[in-house]
Each structure stands twice: as structure tokens, then as C-alpha cells.
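I opened the model to look up its charged side chains, and I kept notes as I went. The entries follow in the order I made them.

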Amino acid sequence: MKKYTTLLLLLLLFPLWSQEADTLSTSSKMQWFKDAKLGIFIHWGLYAVNGIDESWSFYNGYISHEDYLKQTEGFSAKNYNPKAWADLIAESGAKYAVITSKHHDGFALWNTRYGNLNALESSAAQKDVLTPFVKALRKDKLKVGIYYSLPDWSYEDYTHFTRDSIRYSISEEPKRWKSFLNYYQGQLSELSKNYKPDLWWFDGDWEHNAEEWQAAKVKKMLLEDNKQTIINSRLSNQGDYATPEQGMPIVRPKDKYWELCMTLNNSWGYQTNDNDYKTTNQVIGIFADVIGNGGNLLLDIGPKADGTIPDGQKEILKELGRWTHKHTEAIYGTRAGIPKEHFYGPSTLNKDRNILYLFVKGNPGGEVVLRGLKNKINRIYVVGEGTKLDHQVVGKVYWSQYPGITYIKVPDYVLDENMTVLAVLLDGEVDLYREEGAVIESN
Ligand code: GLC
């Protein structure tokens with residue numbers, strides 16, 4: 001009897017235990033991603049030649065497919081310097097990069113055995129442009145992310161072609177779909193074995209459901225090759241982290257892991273006619289918002305067809321790099337900061353939660369305000385600059401738990417040209433007053 005009870009107990013507990021083991025291994029494989037904070041996204045493909053929308057320009061009928069593909073003749077990569085790309089990415093302070101190995105137009109940057117629409121066989125470049133970049137990233141100790149579009153609008157056995165024309169439906173021609181599955185999964189297997197990516201960035205899953213893509217099978221295959229690899233949410237939600245796009249979430253996302261992908265101007269790929277760049281201040285402000293809410297920023301660049309990175313984009317990355325390198329301790333490995341009621345700006349916390357980093361935009365007019373902090377402050381200093389700052393607590397009375405308002409004195413000469421960061425060293429884990437105001441009971 002006792003034997004059975006133990007067995008029953010074990011059987012009951014096993015699912016719990018294995019679930020626990022699963023989340024433990026997820027959090028250990030997600031560790032570098034959670035700490036990395038900044039990645040650079042690269043959209044490089046045929047579209048850079050004319051400077052038009054990546055893939056969508058022919059899908060939406062702005063140009064014929066035939067004319068779109070003529071851009072292969074201009075995709076020269078003749079000034080392409082993968083080491084310079086990787087060095088610039090490292091200089092920006094990013095810890096990983098994600099490159100479009102193949103966008104929805106089907107043009108592959110590597111020498112794939114599946115189909116011949118690739119940089120080596122059908123472009124002026126006549127070479128594999130992905131392999132040297134992956135090598136350069138690894139050399140600079142940057143993590144490697146591969147973007148891969150599930151849809152391939154140029155491939156004859158893919159269902160969708162343009163907005164107005166669909167080649168076939170899966171129920172009508174299941175064999176044709178099977179041949180597409182072999183093709184795309186073959187490409188993925190090549191990428192997986194050639195480059196052993198640290199991260200997969202899928203896109204375009206909206207055109208079919210998880211079953212049609214065989215998403216579970218694909219995930220299994222990639223994890224068999226590398227059980228540490230991270231997968232984004234766009235493999236029919238089979239992945240590890242959420243990918244909001246362009247808009248900085250206003251309310252802190254509930255997802256444990258998330259990454260905002262955002263363009264520097266309004267285009268993913270290079271477009272001569274798009275000079276609507278965000279300023280460095282805006283990029284840094286958005287980055288601070290993202291990390292203050294516990295996320296990562298994947299900031300996009302669009303190199304030209306000859307392989308050069310446009311000057312405007314280079315400049316922003318370099319300026320961002322000056323700022324990230326100065327403020328390393330407030331950025332990398334930190335966690336989301338305190339609620340906005342306590343500090344009207346972005347903030348982060350170190351892993352032990354006893355150093356609070358306050359991100360101060362512009363000139364705060366002599367002081368920065370922190371509300372309802374129960375901790376004793378041991379010290380405050382300006383990150384990357386070193387000056388120790390004084391503070392004053394007002395509104396604290398002995399008869400109430402209400403801890404008062406902290407005014408931190410910030411002289412003008414310590415201010416950073418983009419965004420100043422203050423480190424507030426606390427006497428223990430951050431402790432905030434979240435109750436309502438108190439009424440006097442005795443004095
Ligand atoms: C969208 C677009 C695509 C772009 C991607 C980046 O899914 O289809 O063109 O590459 O966003 O996140």
C-alpha cells in the first residue's frame with residue numbers, strides 16, 4: 001500500500017517538477033538576452049538598390065515582380081566590409097545583431113542549395129555575404145541572430161505571390177505545399193548547421209497557421225541542433241519572447257522577455273528618399289524607456305546595396321555608443337525600474353535591487369525628485385562622471401510611515417549632453433511606500 005502511495009505521489013508531482021525544470025532551463029538560456037539590452041537589426045537585400053520597400057513594394061504592386069528582381073544587377077556589395085559592420089555594432093554598445101538572411105522576397109544572402117535566388121548565384125555581388133558577417137560578429141564577441149521570413153513570395157511553390165494573386169491553396173494542392181515545406185525547412189537546416197545562431201528571428205507567420213508551417217517540428221529541429229538557441233514569437237507563438245514593433249509600449253508589457261524592434265527613420269531597408277531620422281536624443285530616450293520597462297531594443301539599420309552603412313545611421317550608432325559606454329552599469333544586466341509615481345522618468349535596478357538608476361532627460365533645473373522611498377540612501381553619484389550628490393528629504397514626520405519626498409541636488413556641470421544617469425545606493429533592497437496618505441493621530 002505504502003509503495004503505491006509513494007508511486008502515486010511521484011506521478012502526481014512529476015508534471016510539476018518537469019515544468020519547473022523547463023522554466024529553469026528557459027531562464028538560463030535567456031540570461032544573455034535579458035542582460036544584453038541592445039541589439040542591432042540589419043535589413044540588407046535587393047530593395048536597397050532602388051531604395052524601395054523591402055519585398056512589400058512588389059507585393060503591394062508599386063513595382064512589378066520582374067522589375068523588382070532586376071535589382072539583383074545592382075546588388076554589388078562592392079564596398080562591403082563585414083568587420084567594419086561588426087565593429088560599429090560593438091561600438092554602439094549592442095551585444096547582438098540580427099540580420100535578414102532572407103526577407104519575404106526570397107533573396108537569400110548565403111549560398112543556399114535550395115533555389116538559386118541568392119547573392120552568389122543571382123546578384124552582381126556573386127558571393128555569399130552572410131558567412132563573413134557571422135564570422136566578424138563572433139570575432140567581436142557579439143551574439144548572432146538570424147532573421148528568416150517564412151513566406152517566400154518569389155518561390156514558385158509558395159502559396160502567396162502578390163496582394164492580388166495567390167498561386168494556390170493548400171487544400172487544393174497539398175503536394176505543392178509539401179514541396180515548399182521541404183524547401184524552407186531545408187534552408188533553415190542549412191542556416192542552423194552553418195551558423196549555429198544564438199537567436200532566430202522569424203517573420204511573416206501571419207500567412208499560415210502553426211500546423212501549416214509545421215511550427216512545432218521546426219522548433220524541435222532547431223533546438224536539436226542547438227538547445228540553447230532562442231526563438232522569437234513569430235514562429236506561430238512557439239518562441240521565447242515577444243516582439244512589439246515600432247511603438248514603444250506605453251504600459252509595461254507583462255511578458256517576461258520582450259524586445260522592441262524599431263527603425264532609425266521610417267524604413268527597415270535603405271531608402272534614399274527617407275531622411276526622417278530620429279535624433280540621437282530620441283533614440284536614447286526610447287532606449288531608456290525600453291530598459292526601464294525590462295525590455296530590449298533591436299535598433300534597425302539599412303545598409304546600401306554596395307555594402308556601406310549610410311552616414312546618418314553610422315552617426316547615430318556612434319553617438320549612442322558614447323552614451324552606452326559611459327553608462328554601462330546602469331544598462332547591462334539591470335532589471336526594470338520603479339513605478340512612475342515614484343520617479344517621473346525611466347529607471348533601472350541592479351540585480352540585487354539595491355542600486356536604483358535614475359535617467360534624467362535634459363536639465364532638471366537643479367534637482368531631481370524621488371517620491372515615497374522607504375530606504376535610507378547611502379550615497380548618490382553621477383554615473384560615468386563621478387560627482388557625489390547631496391539630497392534632502394522633506395515631508396517626513398515621526399508619527400507616520402510615509403517616508404517623504406527626496407530632492408536630489410543636481411548641478412548643471414554634471415549633466416550629460418544626451419541623458420544623465422544617477423546611481424542611488426540604498427541600504428537594502430528597494431522599498432517603496434505604496435499606501436495612501438496618512439492622517440495625524442497624535443502629535
Ligand atoms: C514586418 C514587415 C517586414 C519587416 C519586419 C521587421 O513584419 O513585414 O518588412 O522586416 O516587420 O520587424
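**Entry 1: Lys351 and its partner.** I looked up Lys351 and found it partly exposed, at 45% relative accessibility. I note here that the model is predicted. The side chain of Lys351 meets that of Asp35 in a salt bridge, 3.1 Å from N to O. I placed Lys351 in the loop between strand E11 (347–349) and strand E12 (355–361), and Asp35 in helix H1 (residues 2–36), so this pair ties together parts 316 residues apart in sequence. Asp35 has a relative accessible area of 18%; the cut-off for buried is under 20%, so I entered Asp35 as buried.

**Entry 2: Asp416 and Lys326.** Next I checked a salt bridge between the side chains of Asp416 and Lys326, where N and O are 2.8 Å apart. Asp416 sits in the loop between E16 and E17, and Lys326 belongs to helix H11 (residues 311–326), so the bridge ties together parts 90 residues apart in sequence. I have Asp416 down as buried, with a relative accessible area of 8%. Lys326 is partly exposed, and its value is 25%.

**Entry 3: Arg434 and Glu341.** I then turned to Arg434 and Glu341, whose side chains form a salt bridge at 2.8 Å, N to O. Arg434 lies in the segment after E17 and Glu341 in the loop between strand E10 (335–336) and E11, so I recorded a link between distant parts of the chain, 93 residues apart. Glu341 is partly exposed, with a relative accessible area of 44%.

**Entry 4: the count and a network.** How many salt bridges does a search of the whole structure find? I got 19. I also found that Asp35, Arg335 and Lys351 are joined into one network by salt bridges that share partners.

**Entry 5: a buried acid without a bridge.** Which side chain of opposite charge is nearest to Asp205? I found Arg234, 6.4 Å away; Asp205 is buried yet has no salt bridge. The cut-off for a salt bridge is 4 Å between a side-chain nitrogen and a carboxyl oxygen. I located Asp205 in the loop between strand E6 (199–203) and helix H8 (210–213). Leaving out residues up to four places away in sequence, I listed what Asp205 touches: Leu150, Trp213, Ser233, Arg234, Leu235, Ser236 and Asn237.

**Entry 6: a negative patch.** On the surface I noted a negative patch formed by Asp311, Glu315, Glu319 and Glu417. Glu417 is in the loop between strand E16 (405–409) and strand E17 (419–426). Its relative accessibility is 64%, and exposed means over 50%, so Glu417 counts as exposed.

**Entry 7: the whole protein.** I finished with the totals. The protein has 12 helices and 17 strands, and its C-alpha atoms fill a box of roughly 85 × 75 × 40 Å along the principal axes. Of the 443 residues, 53% are buried. Among contacts with a separation of 6 or more, 71% are between residues 24 or more positions apart. The protein exposes about 20700 Å², and carbon and sulfur atoms supply 51% of that area. I counted 51 positive and 56 negative charges, and their mean positions are 7 Å apart.

Definitions and conventions. Residues are numbered from 1 along each chain as its sequence is written. This is a predicted model: local features need pLDDT of at least 70, side-chain atom pairs count only at pLDDT 80 or more; totals for chains, interfaces and linings use all residues. Side-chain values use heavy atoms; hydrogens and water are left out. Helices (H or I, at least four residues) and strands (E, at least two) are DSSP runs, numbered from the N terminus. Buried means under 20% relative accessible area, exposed over 50%, partly exposed in between (1.4 Å probe, protein chains only). Contact means heavy atoms within 4.5 Å. Accessible areas come from the Shrake-Rupley method with a 1.4 Å probe; for residues, only the protein chains shown count as cover. Lys and Arg count as positive and Asp and Glu as negative; His and the chain ends are not counted. The place of a charge is taken as NZ of Lys, CZ of Arg, CG of Asp or CD of Glu. Patches are made of residues with over 30% relative accessible area and no salt bridge: like charges are joined within 9 Å, nonpolar side chains (Val, Leu, Ile, Met, Phe, Trp, Tyr) within 5 Å.
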